Amino acid sequence: MTYSLPDFCTFKRLQNGMLVSLSLLLSACGGGGSGSTGSYNIGGSISNLTTAGLVLSNGSDTLAIPAKASSFTFPTQQGSKTAYKVSIVSQPPGFTDICSLSGDSGTVAADVTSVVVACHPAVAAVTTLAGSGSTGSVDGSSTSASFDFPVGLAVDSSGTVYVSEQNSNLIRKIAATGTVSLFAGSGALGSSDGAGNAASFNRPNGLALDAGSNLYVADGYGLVRKISSAGAVSTLPGNSAASKTCPCAGGVAFDGSGNLYASVLSDSLIRKINTAGVNNILVAPGLPVGASSISIDSNGNIYAVEPSTHVVRKINPAGVPATLAGSGIAGSANGNGVAASFNFPNGVVVDKSGTVYVADSRNQLIRKISAAGVVTTLAGSGSQGKVNGNGTAASFNYPTGLAIDSAGNLYVADSGNNLVRKITPQ
């Protein structure tokens, strides 16, 4: 008699009125474990991964890889004679590790252990995003456009970069295609509200975007201006800080709850404007913070750079400040916390992993502070220039504002060069 496979399995179970062993059933009928027909693992080795954040996929199967892992196996086994294709869904965040794959595809015949993930420290590749290098406010495509001392930056989810242009009192924007155009401002010194070029600014500095894609500007004499996505400019009620001594615009930033924070250099204060519009001083008395730029992490900690004291502060959600890094003496030493030094740091931004980036203006450097407080140089030779290249082979001329996008790319307002630069991990 000839049996089909299901009939054969039934027959074997019932033969002589007793069950045969599980191992015989599995070998005859398939299923269940590694090495059996239709059940194979897909995995491989990992080298030099130092941080978390790497995510791999095999079809619909995804796997988050922990820091320092040396191997991986996808949780779902795969059938014999089927194709597998492993890919990288996301890299570790920021300028930490960059990973690549080899042996990432094939046909399943047994357990797959030959997929290789090789990682290396990310290289900071500096390029020019926009600007000819000439002084001006000419719109146009990428490097045919010009800026006049760009200082503040913000980037939205579509890749549009907003630029505050201090000497010309304008807010410009760079589309994801590279085209530069006017967003708001007449170019005349002032504080008039209005649509587009009917509005005016007074040496604008820091920029921040809210969840509704409205842009906020730290403007002269402590004002915070709001620009709708359509370009309509208005002034928030009350001053964000009380300074009337100079147009010393500082920074603006949002926390995860939608509260707006603003600093003004001359007042040595940071103010919090909650979602109801209530304006209060945040920083507790005892340690003034004269911040030119601020950024806020996912836990509500504020990072502030102080050009005149050459330090980077960390302010907890209760408003208590402490020195994160910097000796207080001008210098360019790398090191841990206060053992490191800066020279007129002007811009700051924190990424999703808690790594802080600083535009170290008079050192012509972009510095990096790990979550543990270790300061290193990310990019820049230390000499004035506008050379594109990797890491310390690149050069800047008085870098100021910083912004970071969701992919971990860093944007730099290279003020002295009248350029906007982009630093990409690779």
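This passage describes a disulfide, the nonpolar cores and a set of paired strands in a predicted model. Local features were considered at pLDDT of at least 70 and side-chain atom pairs only at pLDDT 80 or more, whereas totals for chains, interfaces and linings use all residues. Residues are numbered from 1 along each chain as its sequence is written, and side-chain values use heavy atoms, with hydrogens and water left out.

A search of the whole structure returned 1 disulfide, the term being applied to a pair of cysteine sulfur atoms within 2.5 Å. The bond is formed by C99 and C119, with an S to S distance of 2.2 Å. The link is right-handed, with 105° about the S-S bond. C99 belongs to strand β6 (residues 97-102) and C119 to strand β8 (residues 112-121), so the pair, 20 residues apart, links distant parts of the chain; strands (E, at least two residues) are DSSP runs numbered from the N terminus. Both C99 and C119 are buried, that is, under 20% relative accessible area with a 1.4 Å probe and protein chains only.Strand β8 also contributes to the largest nonpolar core, to which it gives the most, with 4 residues. A nonpolar core is a set of buried Ala, Val, Leu, Ile, Met, Phe, Trp, Tyr and Cys residues joined through side-chain atoms within 4.5 Å. This core has 19 residues, of which I46, I65, F72 and V117 touch the most other members. At least two residues each come from β1 (42-47), β2 (54-58), β3 (61-65), β5 (83-90) and β8. With neighbours within four places in sequence left aside, I65 is in contact with I46, L49, A52, G53, L54, L56 and F72, contact being defined as heavy atoms within 4.5 Å. Another core, of 16 residues, lies apart from this one and includes A359, I404, L410 and I423.

Strand β25 (residues 302-306) is largely enclosed by the rest of the structure, because 5 of its 5 residues are buried. The side chains of I302, A304 and E306 point one way from the strand, and those of Y303 and V305 point the other way.

On one side in sequence, β25 pairs with strand β24 (residues 293-296) in the antiparallel sense over 4 bridges; two strands pair if DSSP finds at least two bridges between them. In this pairing, S295 stands opposite Y303. The hairpin of β24 and β25 has 5 residues between the strands, and G300 takes a positive phi near 85° there.

β25 also pairs with strand β26 (residues 311-315), again in the antiparallel sense, over 5 bridges. Here A304 stands opposite R313 of β26. These two strands form a hairpin with 4 residues between them, and H310 in the turn has a positive phi of about 60°.

Terms used: Buried means under 20% relative accessible area, exposed over 50%, partly exposed in between (1.4 Å probe, protein chains only).
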